[in-house]
Amino acid sequence: MNKTCRIIVLLFLGGIFLSFSPLQSVAEGSEVPKGKPALYEFGAGYCVSCKEMAKVMAELTKSHSDQVEFRMVYVDKEKPLFEQYKIMLIPTQVFLDASGKEVDRHIGALTKEDVLKKLKELKFIR
């Protein structure tokens with residue numbers, strides 16, 4: 001068997017193994033607090049659009065943190081959350097209801113106004 005075939009077989013077997021293994025547990029303290037909806041912004045420090053979303057998230061935290069948890073999740077710091085939510089592209093916003101269930105998701109940057117519109121549509125804010 002040549003080297004390329006061996007690599008393909010190893011990748012295939014690794015994929016089968018991973019499909020049967022449980023999801024990695026989320027780091028302590030990273031669970032969504034119950035009783036409050038949340039917006040998770042998945043990104044990376046090197047991503048220009050993610051930096052813009054970080055500014056939007058900071059503004060929303062100041063104005064609406066009493067109603068919604070806003071959280072920046074960076075791939076280099078919290079990879080298990082990226083895996084748990086199956087994030088493939090950044091930036092991605094994941095909207096979670098008060099029980100922690102995902103109710104919506106958006107890929108790409110959003111303006112503050114777009115986020116506020118979505119939060120109102122989901123009845124996360126008044």
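Select proline 91 first; its place is in the loop between α3 and β3. In this predicted model, the peptide bond leading from isoleucine 90 into proline 91 is cis, with omega near -5°. Most peptide bonds are trans, and most residues other than glycine have a negative phi.

Stay in this loop and select lysine 86, which also lies between α3 and β3. Lysine 86 is not a glycine, yet its phi is positive, at about 55°. With a relative accessible area of 55%, lysine 86 is exposed, because the cut-off for that class is over 50%.

Next, select methionine 88, placed in the loop that runs from α3 (79-84) to β3 (92-96). Its relative accessibility of 74% means that methionine 88 counts as exposed. Add Leu89 and Ile107 to the selection: with Met88 they form a nonpolar patch on the surface. Together, Met88, Leu89 and Ile107 have about 370 Å² of accessible area.

Now display the whole chain as a cartoon. The protein contains four helices and four strands, and their order along the sequence is α-β-α-β-α-β-β-α. Of its 126 residues, 34% count as buried. The protein exposes about 8300 Å², and carbon and sulfur atoms supply 61% of that area. Among contacts between residues at least 6 apart in sequence, 61% join residues at least 24 apart.

Select strand β2, residues 69-74. Five of the six residues of β2 are buried, so the strand is largely enclosed by the rest of the structure. Then add strand β1, residues 38-43: β1 and β2 run parallel and are joined by six bridges. A pair to pick out here is alanine 38, which stands opposite glutamate 69 in β2. Adding helix α2 (residues 48-64) to the two strands completes a right-handed β-α-β unit.

Keep helix α2 on screen and show its side chains. Lysine 55 forms a salt bridge with glutamate 52, and their closest N and O atoms are 3.4 Å apart. Both residues lie in α2, three residues apart, which is about one turn of the helix. Lysine 55 is partly exposed, at a relative accessible area of 49%, and glutamate 52 is likewise partly exposed, at 42%. Side chains of opposite charge can pair when their charged atoms come close. The structure holds six salt bridges.

For another of these pairs, select lysine 118 and aspartate 104, whose side chains meet in a salt bridge at 2.6 Å, N to O. Lysine 118 belongs to helix α4 and aspartate 104 to strand β4 (residues 102-107), so this pair ties together parts that are 14 residues apart in sequence. Extend the selection to glutamate 121, whose side chain meets that of lysine 118 in a salt bridge at 2.8 Å, N to O. Glutamate 121 and lysine 118 are three residues apart in helix α4, a separation of about one helical turn. Through shared partners, the salt bridges join Asp104, Lys118 and Glu121 into one network.

Finish at lysine 123, in the segment after α4 (112-121). Phi of lysine 123 is near 65°, a positive value in a residue other than glycine. Lysine 123 counts as exposed, at 72% relative accessibility. To end the tour, draw a C-alpha to C-alpha distance from lysine 123 to aspartate 97: the two are 26 residues apart in sequence and 9.5 Å apart in space.

How values were computed:
Residues numbered from 1 in each chain as written. Predicted model: local features only at pLDDT ≥ 70, side-chain atom pairs only at ≥ 80, totals over all residues. Heavy atoms only, no water. Patch = residues over 30% accessible without salt bridge, like charges linked within 9 Å, V, L, I, M, F, W, Y side chains within 5 Å. Areas by Shrake-Rupley, 256 points an atom, 1.4 Å probe, with all protein chains shown as cover. Salt bridge = Lys/Arg side-chain N within 4 Å of Asp/Glu carboxyl O. Buried < 20%, exposed > 50% of the residue type's maximum accessible area, 1.4 Å probe, protein only. Contact = heavy atoms within 4.5 Å. Pairing = 2+ DSSP bridges. Right-handed = clockwise from strand over helix to strand, strands pointing away.
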